[in-house]
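I sat down with this one to jot a few things about the ligand site, some strands and a handful of single residues. Here is the structure I was looking at.

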Amino acid sequence: MLIRGGAGMGVDRAKIRWNGWGWAAHKDEFAQRDDLWKWLASELGMPALLATPARPLEELELPGGKLPLPDREALNAIAGAENVRDSAYERAFHALGRSYHDLLRLRAGDLSTAPAAVVYPRGADEVLAVLAFAARERIAVVPFGGGTSVVGGVTGARGPFQTAIALDLSAMDRMIEVDAVSGTATAEAGINGPALEKALQAKGLTLGHIPQSFEFSTLGGWIAHRGAGQLSNRYGCAGDWLVAAKLATPRGMLSTGDFPASAAGPHLADLVAGSEGIFGVITEATVRVRPVPAMNEYRGYLFRDFPSGTAAVRTAARDGNGAAMLRLADAEETRLLRAFGALGKVRRAADKLADAYLKLRGCADRPCLLIGAFEDPVSRRSFAAIARRFGAVDLSTAAGERWRRTRFQLPYLRDSLLDRGVGVAKVETASSWAKIDALYAATRAAIDAAIRETVPREGARGMVMCHIGHSYPTGACLGFTFVFPRALDGDIAQWSKIKTAASEAIVANGGTISHHLGVGEDHLPWIAQEKGALGIDVLRAIKAALDPEGILNPGKLLPPGPPEDG
Ligand SMILES: Cc1cc2nc3c(=O)[nH]c(=O)nc-3n(C[C@H](O)[C@H](O)[C@H](O)COP(=O)(O)OP(=O)(O)OC[C@H]3O[C@@H](n4cnc5c(N)ncnc54)[C@H](O)[C@@H]3O)c2cc1C
């Protein structure tokens, strides 16, 4: 039985911050907390944190012109005049993504990558028509989902062309078909997380892809960046749940089959996952869906140290434990989470008793918090046994629920930190279990050293945290978050130095340059090392076949160079 329908609910761009995270109306509860800022200043070895507000849009000049009139009229004819927009807000919103590097540039008023216009197509035919027109007129096209890329994936770069436009897919947000018999759903690529889940859950189904950017990112962006949601241990990453896709290219539509399996040569959907908008524009995708689970429990465990927690996660992953999430914070992340949670709270006798118990269990010095998400009693029981075997203390559901409640709020804190001269950035990688310990130690040390070299004053320091966020039978993903005082006279150079140090340590220690965030512009210096020269040639050949003029998303995923111009 096929069930059709389920209209999406696109996000109104005017209600989202153009130079920060999330809803413009959202008030970050931490911004006014003096106790937080005093504590943070002392953690970072700074006498005080200075106010460092972002520049308002009204003050800024938008460099580069709007579209020439004939181009504008041609696009109006394709997509409708109301769907070709070039206000300052639209162009600024689509200039960059949401990485730390992007935010530094946006907040400083650097809008040099603002596209000349933003086109909001209403369907696949319009996408094909825009691409054919842009290829003919040699206009760069940057596919844009939610714009939450954190690797420079949506920078409005023109490449060798005079003009770039952003192709914002958010108006293409319909659920096309839910096939409950096959356990698949087909939706337009611009549908965002809440709209997709709402339509699926109305039929008792879920995709289970919940990245931290869930509210604002889109199905097309998840696939194009090969993303991983928080529950990836159960539901898989985008490359796992993608069944089929339609990819609009300047040469026409590439449709991949939706067979459950096929030996008819390489699977074309594998070219779509991770294609980052350089091969084509995903207009719709068919994905594997599952019944909404009857149980949904988040639970905390405290391990005595990172190695014992890592061993428990590894054992669970290798045993096929089935937990939806096993998120293990290292000692520094655990310390900061606990210190942050305790701010402004009075310590009671019960807290002291709990501390004494943890000490007794050997969890006092460098404890590590694991949050598990369990959707069936079997995986919960089996993980509880593994945790006991590795000496963990069961913190019950209170710790898990606290994490679940705040998981979408933390990105707002990044803007408040930036307002106080504090930087916060992330890098992530993955490797095999045999290499994880060395990869962790080397990357952490490299980030720490680079922060110490670039802090604005002697004695200042950063905080480097890490967690295992996604695990597999053969290895795991490490996600590092680091908080540091910004070098206000050169914060982009500071970021570049820290990012380079981290990336070099990752590559030298057998990690991938990205587990789930993609390549974009930011990881280009390391992609050839990972794929090899021949691998890059293969990707270039695919691009040349699908996008011979090279108009799609210039400067992302593939490093500049041979064969044509090398
Ligand atoms: C606070 C925060 C938390 C995050 N948490 C996670 C997380 O938990 N897991 C995770 O995986 N990622 C995470 N990300 C990164 C980001 O949200 C993901 O990469 C996401 O998949 C991007 O989706 P998007 O719709 O915003 O795509 P965009 O940022 O708009 O685009 C991403 C890339 O895909 C291309 N693209 C977009 N749509 C299409 C399309 N229809 N066809 C072809 N190409 C397209 C773009 O050109 C670009 O190269 C986070 C980002 C932020 C800012």
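My notes follow, starting with the ligand and ending with backbone angles.

**Ligand site**

First reminder to myself: this is a predicted model. I began with the shell. Which residues come nearest to the ligand? Out of 36 around it, I got Pro-143, Gly-145, Thr-148, Ser-213 and Thr-218.

Then I went through some polar atom pairs. A polar backbone atom of Pro-143 sits 2.6 Å from an oxygen atom of the ligand. For Gly-146, I found a backbone N or O atom 2.8 Å from a ligand oxygen. Gly-277 also has a backbone N or O atom on my list, 3.5 Å from a nitrogen atom of the ligand. Next I checked cover: on its own the ligand has 960 Å² of accessible area, and the protein covers 96% of that.

How is the shell split by class? I noted 18 polar, 15 nonpolar and 3 charged residues. As for elements, β4 (140–144), α7 (219–224), β11 (281–288) and α16 (410–419) each put in at least two residues. The largest share is from α7, with 4 residues.

**The loop between α10 and β11**

I looked at two residues here. Gly-274 is in the loop between α10 (269–272) and β11. Its relative accessibility is 19%, so I file Gly-274 as buried, the cut-off being under 20%. Leaving out residues up to four places away in sequence, Gly-274 touches Ile-223, Ala-224, Arg-226 and Leu-557. I also took one long-range distance: Gly-274 and Gly-479 are 205 residues apart in sequence, and 19 Å apart C-alpha to C-alpha.

Glu-276 is in that loop between α10 and β11 too. Is Glu-276 buried or exposed? Buried, with a relative accessible area of 6%. Its phi caught my eye: near 50 degrees, a positive value in a residue that isn't glycine.

**Thr-186**

Next stop was strand β7 (residues 184–188), where Thr-186 has its place. Thr-186 has 9% relative accessibility and therefore counts as buried. I found a polar contact from its side chain to the side chain of Thr-286, at 2.8 Å. Beyond four places in sequence, the residues Thr-186 touches are Met-175, Ile-176, Glu-177, Glu-284, Ala-285 and Thr-286.

**Strands**

I wanted to know how enclosed β17 is. In strand β17 (residues 422–432), 9 of the 11 residues are buried, so I have it down as largely enclosed by the rest of the structure. Which way do β17 and β19 run? Antiparallel, with 11 bridges joining β17 to strand β19 (residues 475–485). One pair I wrote down is Ala-425 with its bridge partner Phe-482 in β19.

Then I traced an open sheet of 4 strands, in the order β2-β3-β5-β4, with mixed pairing. Its edge strands are β2 (84–85) and β4, each pairing on one side only. β4 is the strand I had already logged as giving at least two residues to the ligand shell. At the other edge, β2 pairs with strand β3 (residues 117–119) in the antiparallel sense, over 2 bridges. There Val-84 has Val-119 in β3 as its bridge partner.

**One more positive phi**

Last, I checked Ser-396, in helix α15 (residues 396–406). Its phi is near 70 degrees, again positive in a residue other than glycine. Ser-396 has a relative accessible area of 31%, so I put it down as partly exposed.

Key:
Residues numbered from 1 in each chain as written. Predicted model: local features only at pLDDT ≥ 70, side-chain atom pairs only at ≥ 80, totals over all residues. Heavy atoms only, no water. Buried < 20%, exposed > 50% of the residue type's maximum accessible area, 1.4 Å probe, protein only. Pairing = 2+ DSSP bridges. Near = heavy atom within 4 Å. Polar contact = N/O pair within 3.5 Å; in protein donor to acceptor, adjacent residues only side chain to side chain. Areas by Shrake-Rupley, 256 points an atom, 1.4 Å probe, with all protein chains shown as cover. Nonpolar A, V, L, I, M, F, W, Y, C, P; charged D, E, K, R; others polar. Contact = heavy atoms within 4.5 Å.
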